[in-house]
Amino acid sequence: MSVAPKLREVFVEALDLDGDVDVENLKYRDLEAWDSVGHMALVAAIEDEFDVEFDTDQVIDMSSFKVAVDMVTELQAKND
Amino acid sequence: MTDLSGRVALVTGGTRGIGLATVRALAEAGATVVLTGRDEARAKEAASSVGAAAGLALDVTDAKAVSSLVRGVAKEHGKLDIVVANAGIMEDALLGMIREELVDTTLSTNVAGTLHTVQAAARAMMRKKTGSIVVLASIVGEYGSAGQTVYAASKAAVANIARSAAKELGRSGIRVNAVAPGVIETDLTAGLSEDAKAENTGKTPLGRLGRAEDVANAIRFLVSDEASFITGQVLGVDGGLVL
């Protein structure tokens, strides 16, 4: 099952996004809310929601919603 | 009496000295405290001796281990309110006699270890947008000390971790402060000669060396709501030695 719908909810909640934001095409620093501090909150929220753990390189490389989907999918596959 | 009821705290290097006194002070104030140490058996023993919730093994130079442990504590207890990055080492060496290994070990433990801990703590606290972090600087990091160039450099770095992290994390409701102990009677200073202790006592306006509890009390204050408008500070706990 795709992680995208749930991940979308996590993005909206963690970054406090308005309903009209195109989350699926969002990239790091596209919005003021997704700056370095917002990024840390986002990463923590994703880890909690999906029970995965990112290493620092992955945190740095998480440059868009799409990349985040791929990372979570990959980590979940490893955990299974 | 400071009330930390309902707070969850983590103290690295909590098996002895200032770390252990801090664990005790936070636990006595009502906090649920998890301590870490390099040796698991010693960490468990220390935890049971002061009423801490758990004693866990941790090498703070291992960034991944620090991240996993901090995340695990936050997950198990539902949150993480307080982190005291206390783990550190001190070894004296005069200029010209400083081995490369001493530089590497001191900087990786005191500087990188503190950084890893602060970074992991910030991540754990970020979701609730509240929390307090205290790091252990030193009087010698502020003023220098003959024979302690490496240690002093590492502790100057630690003070600036606190200042920089405070600037970065303030808008997320996370406070970061440092304490800078003077000469405190712990295992770290047990090797000082009686003459050196007497000299330090003589230079201290309050007329005695510090106790681990003196530092722990300052830390307990800094992590409490009583210090809710204090961040980015390096609080000297030195009996006035710097005056």
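This passage describes the nonpolar core, one buried residue and the contact between two chains in a predicted model. Local features are reported at pLDDT of at least 70 and side-chain atom pairs only at pLDDT 80 or more, whereas totals for chains, interfaces and linings use all residues. Residues are numbered from 1 along each chain as its sequence is written, and chains are lettered from A and ligands numbered from 1 in the order in which they are written.

The largest nonpolar core (buried Ala, Val, Leu, Ile, Met, Phe, Trp, Tyr and Cys residues joined through C-beta atoms within 7 Å) holds 96 residues, of which Val135(B) and Val179(B) touch the most other members. Its largest share, 9 residues, is contributed by helix 6 (residues 149–169) of chain B; helices (H or I, at least four residues) and strands (E, at least two) are DSSP runs numbered from the N terminus. Leaving aside residues up to four places away in sequence, Val179(B) is in contact (C-beta atoms, placed from the backbone, within 7 Å) with Val134(B), Leu136(B), Ala137(B), Val215(B), Ala218(B), Ile219(B), Leu235(B) and Val237(B).

Arg175(B) is part of strand 6 (residues 174–181) of chain B. Arg175(B) counts as buried because it has 24 C-beta neighbours inside 10 Å; the cut-offs are 20 or more other C-beta atoms within 10 Å for buried, 12 or fewer for exposed, and partly exposed in between, with C-beta atoms placed from the backbone. With residues up to four places away in sequence not counted, Arg175(B) touches Ser132(B), Ala166(B), Ile230(B) and Thr231(B).

Between the chains, 12 residues of chain B contact 10 residues of chain A. On the chain B side, helix 3 (63–77) and helix 4 (100–126) are the elements that give two or more residues.

How values were computed. Two residues are in contact if their C-beta atoms, placed from the backbone, lie within 7 Å.
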